[in-house]
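Thanks for coming. I will go through one structure today, taking helix packing, then the domains, then the empty spaces.

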Amino acid sequence: QGDPLKVKVNKLTSIKTQLPYSYYSLPFCTPEKIVDSAENLGEVLRGDRIENSPYAFTMQEPQLCTVLCRIMIDAKTAKQFKEKIDDEYRVNMILDNLPLVVPIKRLDQASNTVYQLGYHIGLKGQYAGNKEEKYFIHNHLAFTVKYHRDLQTGSSRIVGFEVKPYSIKHEYEGKWSEKTRLTTCDPHMKRMVVNSNTPLEVEVNKEIIFSYDVEYQESDVKWASRWDSYLLMSDDQIHWFSIVNSLMIVLFLTGMVAMIMLRTLYRDISKYNELETQEEALEETGWKLVHGDVFRPPSNSDLLCVYVGTGVQFLGMVLVTMIFAVLGFLSPSNRGGLMTAMLLLWVSMGIFAGYASTNLYKMFKGAEWKKIAAKTAFMFPAIVFVIFFVLNALIWGQKSSGAVPFGTMFALVFLWFGISVPLVIVGGYVGFKKPAMEDPVKTNKIPRQIPEQAWYMNPIFSILIGGILPFGAVFIELFFILTSIWLNQFYYMFGFLFLVFIILLITCAEITIVLCYFQLCSEDYKWWWRSYLTSGSSGLYLFLYAAFYFFTKLEITKLVSGLLYFGYMLIASYAFFVLTGTIGFYACFCFTRLIYSSLK
């Protein structure tokens, strides 16, 4: 009791513009000296700017009607406030690492309170009988600090930080000075702010008096579970439904793969039952006829090696991140933790990328491993970096705090050139030194002619069909992820996400094997690229879904915000393409080696 509590302010956020701003970009009351808290890499990339605030709380000592400061509004300030109120900006604050929330009672459920992160700066409204829209600012904040008392030591821990914002036109007698007492909010006269019936309008040459109350409530919530009310998402049923739905797809595909395996491997060994008709024998032997061409290196084999390497790097990053998240290391209470972990893991997985790409390159009888390793180190990150740089310039033009500062940009470039690139080169060296895999069958000198294919075996058609199932397996979970990114909510369903990810791996592998088998049966042996693109095309569906989500769920109207959304979703879809493509490729690679090794 009596300890000072440090209230910090974070960025102003809006789901209408997606552009964060620092708190003091608006003329709120400032402390004597603004001190920036140290932020980690993830926080800077998210646009968090955590600074100290003029609010002075003292533990378990309630305050009523404390005046923070008084500001006069000129035309510029009024315009700034109105713009931010128009875009529905919210103020985010932090106390003891807990974000500030506004409790909102749900009418449909008796006990349910929903927590909205941050309070709105103000709102638009009309006076009764007047059509004109006015802007009102929330200038009185009624804070509630919830604490849990430890019976052994008698001290308390903070377990909740809530606010109810009000707009009130404060009045006082005489001239304004530091010691002036408000007549609209005076604890001695038992006058409290309990509603916004006399709201404060944002007008030029008028004053705004900021004030606040603090009350302390004892709570039964223990410190360890204080995040639960933030993370209690809507019911889990929809997630289970999505997983059962995806498992159906997986079972169906597993059945098909099992049938194919039995047919090919079992029948070969038993040299066909003699009773078989001629037609069946023909249909069966489609894939055997191309044994002399099936391991012929594809066109653009260099590029394929690079993409496979990048995919391996991604797969490693996603897997390790997921495992950490499931074990609870990356909970939302660790702000920016997920982002930082993903970046560092991406960089350190470079060694596997180099290994995978040069090893495959050696199998294609390539000799210049350094070229491949360099391409693997630069191609994907360079494309992402260019998009990121353009988006960053756009955000900078809006003077938003979401723009990555020069120092952080330098840190990112250092991570890429100082750690990722050398690791890819080392991995490449090791991968090229290892002996290449031997092909199970010999490749003919002269490539065989591919017969005319049925319309449904057309590469474009089968590639587009292949992407639907992996996307279908993840799209319900995808909805929650998009909502958490763009609608500013917490995502904490890592257990479900891990299950969905495993299902995605299996689906990608199986759909590619099935389509690859059909392709080989119709005597088309160009499977290398097709296997990568078959499951990789789910990245295209991801982007289309992101566009659908943008037009149905988000209220983004600004051009810059729209570009930002599509820029980031483009990066995400590209990454998804590389990830799923690599899984499909490796599945098909193992499958062809397996079935052709039975031909001796």
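I start with two helices, H6, residues 301-326, and H15, residues 559-597, whose axes come within 8 Å and cross at roughly 105 degrees. An angle between 65 and 115 degrees counts as roughly perpendicular, so H6 is roughly perpendicular to H15. Please keep in mind that this is a predicted model.

Which residues make the contact between H6 and H15? From H6 the list is Leu 304, Tyr 307, Val 308, Thr 310, Gly 311, Val 312, Phe 314 and Leu 315. From H15 it is Tyr 574, Ala 575, Phe 577, Val 578, Leu 579, Thr 582, Ile 583, Phe 585 and Tyr 586. Sorted by type, the residues of this contact are 14 nonpolar and three polar, with no charged residue.

The second pair is H11, residues 459-486, and H13. Their axes come within 6 Å and cross at roughly 45 degrees. H11 and H13 are therefore oblique to each other. On the H11 side the contact uses Pro 459, Ser 462, Ile 463, Gly 466 and Gly 467, and on the H13 side Arg 530, Leu 533, Thr 534 and Ser 535. This contact of H11 with H13 has three nonpolar residues, five polar and one charged.

Some of those names come back when we turn to the cavities. Searching the whole structure gives four cavities of 30 Å³ or more. I will describe the second largest, which has a volume of about 60 Å³. Its lining includes Ser 462, Arg 530 and Thr 534, and these residues also take part in the contact between H11 and H13. The rest of the lining is Met 457, Thr 512, Leu 515, Cys 516, Gln 519, Trp 527, Ser 531 and Cys 588. Two elements give two or more residues to this lining, helix H12 (494-521) and helix H13 (528-536). Which of the elements gives the most? H12 does, with four residues. By type, the lining of this cavity has five nonpolar residues, five polar and one charged.

Now the domains. The protein is divided into domain 1, residues 3-230, and domain 2, which is made of 236-254, 301-432 and 458-598. Taken over C-alpha atoms, the centres of domain 1 and domain 2 are separated by 40 Å. In the contact between them, 29 residues of domain 1 meet 30 residues of domain 2.

That brings me to the second largest pocket, which holds about 320 Å³ of space. Where does this pocket lie with respect to the domains? It lies between domain 1 and domain 2, because both give residues to its lining. There are 13 lining residues, and those nearest the centre of the pocket are Tyr 21, Gln 80, Glu 83, Lys 84 and Gln 398. The lining of this pocket divides into seven charged residues, three polar and three nonpolar.

That is the end of the tour.

How values were computed:
Residues are numbered from 1 along each chain as its sequence is written. This is a predicted model: local features need pLDDT of at least 70, side-chain atom pairs count only at pLDDT 80 or more; totals for chains, interfaces and linings use all residues. Side-chain values use heavy atoms; hydrogens and water are left out. On a 1 Å grid over the protein atoms alone, a cavity is a set of points where a 1.4 Å probe fits but cannot get out, and a pocket is an open set with protein on both sides within 12 Å along at least five of seven lines; lining residues have an atom within 4 Å of a point. Grid points are joined across faces, edges and corners, and a volume is the space filled by probe spheres set on the points. Ala, Val, Leu, Ile, Met, Phe, Trp, Tyr, Cys and Pro count as nonpolar, Asp, Glu, Lys and Arg as charged, and the others, Gly among them, as polar. Domain bounds come from an automatic or database domain assignment. Axes are lines fitted to C-alpha atoms, for helices over the stretch in contact, and angles run from 0 to 180 degrees between N-to-C directions. Angles under 35 degrees count as roughly parallel, over 145 as roughly antiparallel, 65 to 115 as roughly perpendicular and the rest as oblique. Contact means heavy atoms within 4.5 Å.
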